[in-house]
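Open the model in your viewer and keep the selection panel at hand. The tour goes stop by stop.

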Amino acid sequence: MAFHSGFVSILGRPNAGKSTLLNALVGQKLAIVSPKPQTTRNRILGILEIPPLKSRPAGQVILIDTPGVHKPDSSLGRTMMAEVRQALAGCHLLLLIVDVTQKFGREDQFALKMAQHSGTPVLLLLNKIDRIPRKDRLLPIIEDYRQRHDFREIIPLSALQGDGFDRLLEAMLANLPEGPRYFPEDQITDQPVRFMVAEIIRQQVVLATSEEVPYATTVVIEEFEEGKKLTRVAATIHCEREGQKRILVGRQGQMLKKIGTAARAEIVRLLGTRVYLELFVKVSPAWRESRAFLEELDWRRQLVDGRH
Ligand code: GDP
Ligand code: MG
């Protein structure tokens with residue numbers, strides 16, 4: 001029987017639910033999620049092995065989650081948008097995801113333009129239908145989107161609750177060519193474990209802080225020693241100002257402790273070992289504008305340079 005496969009990029013404005021969808025489809029938390037926009041900073045690959053059903057062939061879908069489409073105002077923002085463009089280049093299919101509870105806005109328009117420019121077929125996903133009490137309200141929304149682009153299909157879904165996934169899987173396979181299995185059957189991502197650990201810590205920072213702090217923060221793993229029973233991790237949380245550092249450390253170190261405890265629990269779940277986690281906070285003024293620092297953060301580049 002035919003095997004369909006290919007690369008599928010998830011595109012949309014910040015907070016539309018891209019990372020939630022990736023995690024739900026793959027069935028594991030590969031991308032961090034938060035109610036704050038611009039949580040995702042890199043493109044994140046999730047590999048879906050799909051068994052055959054009567055109505056569809058078997059296949060492998062390589063999903064690529066991307067940072068939200070926005071107008072960048074820093075080097076970090078520009079790097080994030082470069083990640084989006086790299087995800088679009090050479091993929092077989094796009095999933096343009098919109099939040100149905102919000103009006104079609106400037107960033108949605110921008111995401112749609114990028115999709116149209118790429119010339120790649122697009123499935124439109126109307127996300128967060130769990131928040132629409134009456135499904136007939138969807139009809140005019142679908143009609144409106146139909147006017148905007150010749151989408152292969154328009155699929156209402158809830159990334160949070162898993163509604164609409166069967167139809168989505170079927171539509172993805174139907175719009176992918178026959179092709180090889182690109183990754184081993186049991187592989188679900190290409191992210192190095194230490195990057196996932198850095199992201200878990202960053203998620204706790206994003207959840208625990210507000211205003212500028214989530215955006216002015218990043219996490220660098222300094223030491224990573226994986227043993228059979230115990231993993232030792234030392235990480236630095238970089239921020240941009242003394243005031244942010246004071247918030248991150250908290251009174252008598254309470255905030256850092258809270259971040260560390262929550263992150264540690266999740267790292268234990270990921271690795272299945274005991275975890276010894278040490279966190280440091282450092283002020284690195286204007287790191288978001290430093291090309292050299294941003295390159296250091298990029299694990300794909302670290303692999304190419306052989307530094308790891
Ligand atoms: P991204 O920026 O596009 O990656 O969006 P996230 O996946 O980080 O989600 C942003 C916020 O929307 C989070 O608070 C999610 O829990 C929420 N969210 C995502 N999908 C759904 C959905 O289907 N229904 C509801 N009610 N909330 C959702
Ligand atoms: Mg995201």
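A donor here is an N, O or S atom within 2.8 Å of the metal, and water is not among the atoms, so a site may look incomplete. Keep in mind that this is a predicted model.

**Stop 1: the metal**

Select ligand 2, the magnesium ion. Which residues coordinate the magnesium ion? Ser 19 does so through OG and Thr 40 through OG1, at 2.0 to 2.2 Å. These two come from distant parts of the chain, 21 residues apart. Ser 19 sits in helix 1 (residues 18–26). Thr 40 belongs to the loop between helix 1 and strand 2 (44–50). Colour by accessibility next. Ser 19 has a relative accessible area of 8%, under the 20% cut-off, so it counts as buried. Thr 40 is buried too, at 9%.

**Stop 2: helix 1**

Stay with the helix that carries Ser 19. Seven of its nine residues are buried, so helix 1 is largely enclosed by the rest of the structure. Select the buried set: Lys 18, Ser 19, Leu 21, Leu 22, Asn 23, Leu 25 and Val 26. What covers the buried residues of helix 1? The cover includes strand 1, strand 2, strand 3 (58–65), strand 4 (93–99), strand 5 (122–127) and helix 5. Now step off the end of helix 1. Gly 27 follows, with a positive phi near 80°.

**Stop 3: the open sheet**

Move to strands 7, 8 and 9. They form an open sheet of three strands in the order 7-8-9, and the pairing is mixed. Which strands stand at the edges? Strand 7 (218–226) and strand 9 (274–283) do. Each has a single partner strand, so one side of each lacks a neighbour in the sheet. Look along the sheet: neighbouring strands are turned by 15° against each other on average, direction ignored.

Zoom in on strand 7 and strand 8 (residues 230–239). The two run antiparallel and are joined by eight bridges. For one of these strand partners, select Glu 223: its bridge partner in strand 8 is Ala 234.

Now add the helices. Helix 6 (residues 193–208) packs on the sheet and touches strand 7, strand 8 and strand 9. Its direction makes about 135° with that of strand 7. Helix 8 (residues 254–271) also packs on the sheet, touching strand 7, strand 8 and strand 9. The direction of helix 8 makes about 140° with that of strand 9.

**Stop 4: aromatic pairs**

How many aromatic pairs does a search of the whole structure find? Four. Two of them are worth a visit here.

Select Phe 7 and Tyr 182. This pair is edge-to-face, with 5.0 Å centre to centre and 70° between the planes. Phe 7 lies in strand 1 (residues 3–11), and Tyr 182 in the loop between helix 5 (165–174) and helix 6, so the pair ties together parts 175 residues apart in sequence. Phe 7 is partly exposed at 22% relative accessibility. Tyr 182 is partly exposed as well, at 37%.

Next, select Phe 195 and Trp 299. Their ring centres are 6.1 Å apart and their planes are at 50°, so the pair is tilted. Phe 195 is in helix 6 and Trp 299 in helix 10 (residues 299–305), 104 residues apart. Phe 195 is buried at 9%, and Trp 299 is buried at 7%.

**Last stop: a charge over a ring**

Select Phe 104 and Arg 148. Arg 148 lies over the face of Phe 104, 3.9 Å from the ring centre.

Conventions. Residues are numbered from 1 along each chain as its sequence is written. Chains are lettered from A and ligands numbered from 1 in the order in which they are written. This is a predicted model: local features need pLDDT of at least 70, side-chain atom pairs count only at pLDDT 80 or more; totals for chains, interfaces and linings use all residues. Side-chain values use heavy atoms; hydrogens and water are left out. Donors are N, O and S atoms within 2.8 Å of the metal (3.2 Å for Na, K and Ca); water is not among the atoms, so sites may look incomplete. Helices (H or I, at least four residues) and strands (E, at least two) are DSSP runs, numbered from the N terminus. Buried means under 20% relative accessible area, exposed over 50%, partly exposed in between (1.4 Å probe, protein chains only). Two strands pair if DSSP finds at least two bridges between them. Axes are lines fitted to C-alpha atoms, for helices over the stretch in contact, and angles run from 0 to 180 degrees between N-to-C directions. Contact means heavy atoms within 4.5 Å. Rings of Phe, Tyr and Trp (its six-membered ring) pair if their centres lie within 6.5 Å; planes under 30 degrees apart count as stacked, over 60 as edge-to-face and the rest as tilted. A charge sits over a ring if NZ of Lys or CZ of Arg is within 6 Å of the ring centre and within 35 degrees of the ring normal.
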